Amino acid sequence: MAAVNLTLQQRPAADPSVDHEIQAIVAGASASETCNTDLAAGPWDFDIRPGYGPGASMGDVIPTGAPRQGELPAAYREASDEELEGRIQAAKRTLGDRVVILGHFYQREEVVTHADYVGDSFQLANAALEHPDAEAIVFCGVHFMAETADLLSRPEQAVILPNLAAGCSMADMADIDQVEECWEQLAEVYGDMDTPDAEGKLPVIPVTYMNSSAAIKGFVGRHGGIVCTSSNARTVLEWAFERGRRVLFFPDQHLGRNTAKAMGVPLDEMPMWNPHRPFGGSDEATLTRARVILWHGFCSVHRRFSVDQITQARAEHPGVRVIVHPECPMPVVDAADESGSTDYIRKAIEAADEPTTFAIGTEINLVQRLAAQHPQHTIFCLDPVVCPCSTMYRIHPGYLAWVLEGLVEGRVHNRITVPQDVADPARVALERMLAAKPPAGRLEQPAGTTS
Ligand code: SF4
């Protein structure tokens, strides 16, 4: 990316661009801090290196077989921001209705500006359904999101992920081989996993967060389980408890714990399953007592938020309204005023009639965009360090221009396809989620809201 070289004075008051912010920090024109100055470089600098790239946490260990992105042609790496913008717009004009561009809330502003739809992963997959005649769906998000769009789109439609290195470290924490092994070990404790007891309940119902691979969704579908989002997790857990003695929840321990705790499940009935230890590091008595077995997964972005940050926000901004995402650790959710999905956060801000100060615990690209869209409010990220999601960052206008111009020339780059034997049970698990309803009288956000 060409350097922006903006000074503090030149920068607009509410610039939503996190890239600009990071470049200003690196140039010494901003007093803010970033978690990694390499974030000012183009993502192609990291495509040939293993790892999640700049901004990833020490806890993010990329799987050996994770997709790698080949070298982006120089014409795209060396183009200025203005040139890339012009090329994307021209390709979009040429392609017209043949292509739909989806942009996740956590994408950089320079990509989101070209999106036909902006939302969370499930909203975007559903938005693609409204364009059954589009030949290509360009998903500016991460790998599991493109897989979900492929599950829900027509077989002839090509779902494209502009940079194959845009994985999700949390989704990668639940590997299908580890999950299969976990299931076998649980069968040693609980007996036949497929036979209901006298009350018609199975020993374990597997529940996976939307932020998981298609292989995990397929596993869940094959074993009587279900998918959840961050807004319907409670309804889904209720669905699971109607059918099973306990739940195996992956990959995000925090969403599982926060949701089950709010439902009254005691913490000592929620053991953690560490896939690197026999029986997840638990003993038979603990597993027998368990109501929710939590997979040892987490989101590195949401794990950055802390109770100290909330304390500081309250001290510096009396009356501040603190809203955090349920992927944050339990003490952070407990200390906040509210917790909810990206869509919940967005709607809470939109619904505030009076000028309000919001401290938000979710990814910085969304927070800065909300701040720019709502100048009547003061909106800031709880984490003072500018640290965007390291895998969302891998999507850059250079890759978007490359895949779009490829389509114009009749070439499909980076198509994401879920094999049929995985797709069929994964769709079953998604359909169960769509059919699950909260009990009469309790309102819930629409099913399609996740991180
Ligand atoms: S914010 Fe967290 S869960 Fe979302 S894509 Fe990034 S690493 Fe994955």
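These legends go with close-up views of a predicted model.

**View 1. Who sits around the ligand?** Here we zoom in on the ligand, which has 14 residues around it. The ones that come nearest are Cys168, Met170, Cys299, Val301 and Cys389. Sort the whole shell by class and you get 8 nonpolar, 5 polar and 1 charged residues.

**View 2. Helix H3, end to end.** This close-up follows helix H3, which runs over residues 81-95. How far apart should the ends of H3 be? With 15 residues at 1.5 Å a residue, the helix should span 21 Å, and its end C-alpha atoms are indeed 21 Å apart, so the two agree. Just after H3 comes Gly96, and its phi is positive, near 55°.

**View 3. The two sides of helix H3.** Stay with H3 and look at which residues are tucked in: Leu84, Arg87, Ile88 and Ala91 are buried. Seen down the axis of H3, these buried residues fall within an arc of 100°, so they line one face of the helix. It helps to remember that an α-helix has 3.6 residues a turn, so residues three or four places apart point the same way. What do the buried residues of H3 pack against? Their partner is helix H17, residues 397-408. On the face turned away from the buried side, you'll find the exposed residues Glu82 and Arg93.

**View 4. Where domain 1 touches domain 2.** The domain assignment splits the chain into domain 1 (18-169 + 391-418), domain 2 (172-297 + 422-435) and domain 3 (302-385). Taken over C-alpha atoms, the centres of domain 1 and domain 2 are 31 Å apart. Where the two touch, 13 residues of domain 1 are in contact with 14 residues of domain 2. On the domain 1 side, the elements giving two or more residues are helix H5 (121-129) and helix H6 (143-152). H6 gives the most, with 4 residues. By class, the domain 1 side of this contact has 8 nonpolar, 4 polar and 1 charged residues.

**View 5. Val292 and its company.** Our last stop is Val292, which belongs to strand S10 (residues 292-295). Is Val292 buried or exposed? A residue needs 20 or more C-beta neighbours within 10 Å to count as buried, and Val292 has 24 inside that distance, so it is buried. Setting aside neighbours within four places in sequence, its contacts are Arg246, Val247, Phe249, Gly256, Ala260, Val265, Glu269 and Met270. Ala31, by contrast, lies 261 residues away along the chain, and its C-alpha atom is 44 Å from that of Val292.

Definitions and conventions
Residues numbered from 1 in each chain as written. Predicted model: local features only at pLDDT ≥ 70, side-chain atom pairs only at ≥ 80, totals over all residues. Near = placed C-beta within 6 Å. Nonpolar A, V, L, I, M, F, W, Y, C, P; charged D, E, K, R; others polar. Expected span 1.5 Å × (residues − 1). Buried ≥ 20, exposed ≤ 12 C-beta atoms within 10 Å, placed from the backbone. Arc of directions from axis to C-beta. Contact = placed C-beta atoms within 7 Å. Domains from an automatic or database assignment.
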